[in-house]
Amino acid sequence: MRNSDQTDFKKFGKVECARSVAIFIMNYLFVLIMVALFFWLNSLRTDDYVLIDYLYEKFNTVVYLLASIFMLFITIYFYYIFEDRAVLANPKNIWLIFILLDVSILFCYFFGYFFNIYSRPVAMLALLSLTLLGRRDAIFLNVIFALMMFSIDYFSNYSDINPYVNALNSTPLMTFSAGMVGIFVGSKVKTRLRSFLTGFAVCIPILIMTACLEFDSGVDMVYLLLYGMEAGILSSVFFMALLPVFEMLFNCITDYRLRELTDHDAPLMRELKDRAPGTFNHCIIVAHLAEACAISLNEDTALARAAAYYHDVGKLRQPEYFTENQAGYNPHSELSPELSVDIIRSHAKDGYELIRSRRLPKILADIALQHHGTMPIKYFYAKALKMTDGALNIEDFSYSGPKPQTKIAAIIMIADASEAISRTLPDRSPEKVEGAVREVIEERMELDQFDECDLTMKDLTIIRETIVGCLTGVYHARTQYPKLKLKRSENEEEKDG
């Protein structure tokens, strides 16, 4: 699940278990209220029976409906128990899952109630789950949703008021197939326009099944096929309309939101560009390096790029104290090494607090806090050593951590240091750049900076080769231009005269 507040290593103990069970029960009761509402609305469509009499007469069927929904809830719980307990450890994740299900059920029911059963946006849940939770969870929830809609359709009084019995019987297959098409087509989509066009792909299984089910029913096929087309298009339209709402309510990370955050007109980026232009340019290059490394390691490229853009925003608190923003005057020359270190290392914590205060994804704040790990600030440590005769505690001159917790945080750490050290090289030949990047990585390995993330030696080799290739391209040598002063020709001078 790509949720900004999810912590993969979060503890799932007795307290979290009891809390998650309570939330599941609350959501089950809410679904029962929705089902009761559906029963009442369906009863308004016919005068053949009174609702209380119907419930008494069909008591066994109603109990079966409630039991089947309860079994689906249990299935969801055990799926996450065995596959991803971190989801159950965070109440926000559980509410996200069930609100997605509830909203999808309501949309599908009311479109079937007021329009036509073939017009229901059955792939909406699949598209939202794919973007907010990931493909594996989307596939699972799509199956759950298909079975839940079938139970509500077939074992409620909706079956008595709907003339399309074939559609009711085929609800699981139609919902499942449309959702699966949406998941596999939508997983490659990265723009909102293509998200809309995904709706036309979703139409295909709906139209095929509609034609097969109703071709000899005597109903106008064009009429039903248009409703089937509407189902696919509405699935993508509602997906695009609801996605920003879920992004805001649950602070979720999506590719769309990450692209918005890395736009140069995003508030923090605009502020960084205006107040700390050197840091802004540094972040752009680090983002280029991080994105290339993420591609090479098959990591989340959009997240790596966004994390690189925001990793140094803490420098906005005191931009003039960082070399890339200075124009000749260095205020550290008037400060003690201890005070300089406090200012420099505070930018990691300041970045975390600034990102959180703007309600941006927590994972960006975490990487801003982790991108220096517990590395010593060697320049001021060496300066302090020259000014004292006694021994110094190097931890007093080091970042407070934590160390990188993910591969992307480690990539940002290496890319940040590599870009900075490459600027100091008088000779930026591939050999010199490769030596500098190798030194950066080996120093951090020696200081155990990668102990808390799952980075392998192979990964480090790939990162080194990728960064060297990118930096060589960024700082490539140029042919010196001849120093010639050109003058206008006599003909041009006569024309001007």
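**Salt bridges, a pocket and unusual backbone geometry in a predicted model**

Glutamate 419 and arginine 423 are joined by a salt bridge in which the closest N and O atoms lie 2.5 Å apart. The structure examined here is a predicted model, and this pair is a convenient point of entry. Both residues belong to helix H20 (residues 407-423), and because they are four residues apart, about one helical turn separates them. An α-helix has 3.6 residues a turn, so residues three or four places apart point the same way. The two partners differ in their surroundings: glutamate 419 has a relative accessibility of 1% and therefore counts as buried, whereas arginine 423, at 41%, is partly exposed.

The confidence of the prediction deserves attention before the description continues. Across the protein chain the pLDDT averages 88, and 92% of the residues score at least 70. Residues 4-9 have a pLDDT below 50, and in the model this stretch makes 20 contacts beyond near neighbours in sequence.

Salt bridges recur elsewhere in the chain, and the count comes to 16. Side chains of opposite charge can pair when their charged atoms come close. One such pair consists of glutamate 83 and arginine 136, whose side chains meet with an N to O distance of 3.2 Å. Here the partners come from distant parts of the chain, 53 residues apart: glutamate 83 lies in helix H3 (residues 59-83) and arginine 136 in helix H7 (residues 135-154). Glutamate 83 has a relative accessible area of 43% and so is partly exposed; arginine 136, at 47% relative accessibility, also counts as partly exposed.

A further salt bridge links arginine 444 with glutamate 443, the closest N and O atoms being 3.3 Å apart. Arginine 444 counts as buried because its relative accessibility is 9%, under the 20% limit. Glutamate 443, with a relative accessible area of 22%, is partly exposed. In addition, Glu271, Arg275 and Arg358 are joined into one network by salt bridges that share partners.

Attention now turns to the second largest pocket. Rolling a probe the size of a water molecule over the atoms shows where empty space is left. The second largest pocket holds about 1,100 Å³ of space. Its lining comprises 33 residues, of which Thr323, His372, Ile377, Tyr379 and Ala420 are the closest to the centre. At least two lining residues come from each of H15, helix H17 (337-357), helix H19 (378-386), H20 and helix H21 (430-446). The largest share, six residues, is supplied by H20, the helix that also holds the salt bridge between glutamate 419 and arginine 423.

Helix H15 (residues 277-297), another contributor to this lining, can be checked for regularity of length. At 1.5 Å a residue its 21 residues should span 30 Å, and its end C-alpha atoms are 30 Å apart, so the expected and modelled values agree. Just after H15, asparagine 298 adopts a positive phi of about 60°.

That residue introduces a set of backbone features that merit inspection. Most residues other than glycine have a negative phi, and most peptide bonds are trans. Asparagine 251 has a positive phi near 50° and is placed in the loop between helix H12 (221-250) and helix H13 (255-261). Since its relative accessibility is 7%, asparagine 251 counts as buried. Aspartate 448, likewise not a glycine, has a positive phi of about 60°. This aspartate is found in the loop between H21 and helix H22 (457-474), and at 36% relative accessibility aspartate 448 counts as partly exposed. The peptide bond from glycine 401 to proline 402 is cis, with omega near 5°; proline 402 lies in the loop between H19 and H20.

A final loop position is serine 170, located between helix H9 (165-169) and helix H10 (171-186). With a relative accessible area of 14%, serine 170 is buried. Which residues does serine 170 touch, not counting residues up to four places away in sequence? The contacts are with Met209 and Leu213.

Methods: Residues are numbered from 1 along each chain as its sequence is written. This is a predicted model: local features need pLDDT of at least 70, side-chain atom pairs count only at pLDDT 80 or more; totals for chains, interfaces and linings use all residues. Side-chain values use heavy atoms; hydrogens and water are left out. Buried means under 20% relative accessible area, exposed over 50%, partly exposed in between (1.4 Å probe, protein chains only). Contact means heavy atoms within 4.5 Å. pLDDT is the predictor's confidence in each residue, from 0 to 100. A salt bridge is a side-chain nitrogen of Lys or Arg within 4 Å of a carboxyl oxygen of Asp or Glu. The expected span of a helix is 1.5 Å times one less than its number of residues. On a 1 Å grid over the protein atoms alone, a cavity is a set of points where a 1.4 Å probe fits but cannot get out, and a pocket is an open set with protein on both sides within 12 Å along at least five of seven lines; lining residues have an atom within 4 Å of a point. Grid points are joined across faces, edges and corners, and a volume is the space filled by probe spheres set on the points.
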